[in-house]
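Please open the model in your viewer and keep the sequence panel beside it. The stops below are meant to be taken in order, each beginning with something to select.

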Amino acid sequence: MSETHCLPPPLRSAAPAADGFGRTVDYLRLSITDRCNERCLYCMPAGYRGWAQRPDHLTTVEVLHLVRVAAGLGFRKFRLTGGEPLVRADVVELVRGMAAIPGVQALGLSTNGTTRLAPLARPLRAAGLRTVNISLDALEPGLYRRITGGEVATVLAGIRAALSAGFERVKLNAVLLRGLNEGEWWPLVRFAAEHGLPLRFIELMPVSRADGWNAAHFVPVTEVMARLAERERLIPLPDSRLGHGPARYYRLEPSGAVVGFIGALTNRHFCETCNRVRLTADGRLRPCLGNHGEVDLRQALRRQAGEAELAALWRQAVAHKPEGHLFRDGYTPCRPMVAVGG
C-alpha cells in the first residue's frame, strides 16, 4: 500500500481562520525542500549547504498529514515552493496526494522553470496541479547566468512545456535588481505579452543573510511603473484575480500586457490583507516571512501528537501572526530565503 494511503481522516472542515488583526488566513505556502539547482544572488548565499546539516525534511506522509490539518482548519489555497520544489524526487506523488485532500481548492507551484519543469509539466498537471509561477529575471543568457547561475534556455523550454500542459494559469516573476536587470524590464514585458502570460515585478527584500542581500540593488516598483508608463498607458485592473497574493495588476495599452507589482517595502499597506503562512521544509510553521517567529510542527509530528494538538499549534501560529513585516526596520534573517521557502 502506498504510504500516502496511511494518513488519518481529515478534520471536519472549518471556516477559514482569522488572525489577531481580523485578516482571513487561508493560504499556505509549503516549502518541500531547501535544495535548489540555481544560485540566485538574492536567495541563496554563496556556499550555503543547509540541507547537508539538516537531513530532516518532512516526509511525504508528514506533509500530507499537515495539509489535512490545514484543510480542516479552513485553509483552501496551497502553493509548493522551495528551494526548487521540482528537485524533490516525489513531487508528483506529493501533488497527487494533496489534490485528493478534501478542502484543497487551489494547488499551485513556484519554480525556477529550469531543467525539471519541461519533463514534469504534464505529469504534474495530470496529478492535479492547477497553476505554475515561473521565475524569469532576465532573457539575455549571460545576464540570466550572472543572476541565477543557470541557463535561460532551459527556463524558456519549461515555460513552453507549462503552456502546452494546459495549466489553468501560468505566471512569470521577475525580481528587480538595480545595476543588473533594468535593461530587461521592457523585453520581459514584451515576452510576457507575446505569450499571453501575466508578469509580476517584485521588489528585492532582505530575505537572505548579508552576503546575499545588497541594498544598492533595490528598485522600488514605482520606478518600474514610471518607466513602463513612458512607453504605454498603464491602466489599473482593481478587480483582477490572478492569484492569491499581494500583486496589484495593470494592463499596458496598446500591447495588452498584464503586469503586476509586488512592493513589500514601499507599499505601506502591503500587510493589511496578508492571508498566508509558510511551512518550511523542516516542518516549522512561520506566520510571517519578515519576522523570526516559528512554531515547530515536525517535533510534534514525530512524537505522534494527535490531531487536536497539531490543530492547536496551527491556531497558535495564526493567532500570533504579526500585524506587519520588519523589512523596513533593520530585519536580518537568521537563515536565507532558500531555507525558509519562497
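Which residue forms a salt bridge with Asp296? Before answering, please bear in mind that this is a predicted model. Select Asp296 and Arg284 together: these are the two partners, and their closest N and O atoms lie 3.7 Å apart. The pair links distant parts of the chain, with Asp296 in strand S14 (residues 295-296) and Arg284 in strand S13 (residues 284-286), 12 residues apart. Arg284 is partly exposed, its relative accessible area being 26%. Now add Asp282 to the selection, and you have a network of salt bridges that links Asp282, Arg284 and Asp296.

The structure holds 11 salt bridges, and two others are worth a stop. Select Glu62 and Arg302, which form a salt bridge whose closest N and O atoms are 2.9 Å apart. This pair also links distant parts of the chain, since Glu62 sits in helix H2 (residues 60-72) and Arg302 in helix H9 (residues 297-302), 240 residues apart. The two ends are placed in unlike surroundings: Glu62 counts as buried at 12% relative accessibility, whereas Arg302, at 40%, counts as partly exposed.

Next, select Arg23 and Asp19, whose side chains meet in a salt bridge with an N to O distance of 2.6 Å. Here Arg23 is buried, with a relative accessible area of 7%, and Asp19 is buried as well, also with a relative accessible area of 7%.

From the charged pairs, move to the nonpolar interior. Select Phe201 and Trp314, which are the residues with the most contacts inside the largest nonpolar core, a set of 100 residues. Helix H2 gives the largest share of this core, namely seven residues. With Trp314 still selected, display its neighbours: leaving aside residues up to four places away in sequence, Trp314 touches Leu28, Leu66, Val69, Ala70, Leu73, Phe75, Leu285 and Leu297.

Helix H8 (residues 221-229) is the next stop, and its buried residues to select are Val221, Val224, Met225 and Leu228. If you turn the view so that you look down the axis of H8, these buried residues fall within an arc of 100°, so they line one face of the helix. What do the buried residues of H8 pack against? Their partners are helix H7 (185-194) together with four strands, S8 (199-202), S9 (233-236), S10 (248-253) and S11 (258-262).

Then select Thr33, which lies in the loop between strand S3 (27-31) and helix H1 (50-53). Although it belongs to a loop, Thr33 is buried, with a relative accessible area of 4%. The side chain of Thr33 reaches the backbone nitrogen of Arg35 at 3.0 Å, so it is useful to show the backbone atoms of Arg35 at this stop.Finally, select Cys36 and Cys274. Cys36 is buried, with a relative accessible area of 18%, and Cys274 counts as buried at 14% relative accessibility. How many disulfides does a search of the whole structure find? The search finds zero. A disulfide is a covalent bond between the sulfur atoms of two cysteines.

Technical notes:
Residues numbered from 1 in each chain as written. Predicted model: local features only at pLDDT ≥ 70, side-chain atom pairs only at ≥ 80, totals over all residues. Heavy atoms only, no water. Buried < 20%, exposed > 50% of the residue type's maximum accessible area, 1.4 Å probe, protein only. Helix = DSSP H or I, 4+ residues; strand = E, 2+ residues; numbered from the N terminus. Arc of directions from axis to C-beta. Contact = heavy atoms within 4.5 Å. Disulfide = S-S within 2.5 Å. Salt bridge = Lys/Arg side-chain N within 4 Å of Asp/Glu carboxyl O. Core = buried A, V, L, I, M, F, W, Y, C linked by side-chain atoms within 4.5 Å. Polar contact = N/O pair within 3.5 Å; in protein donor to acceptor, adjacent residues only side chain to side chain.
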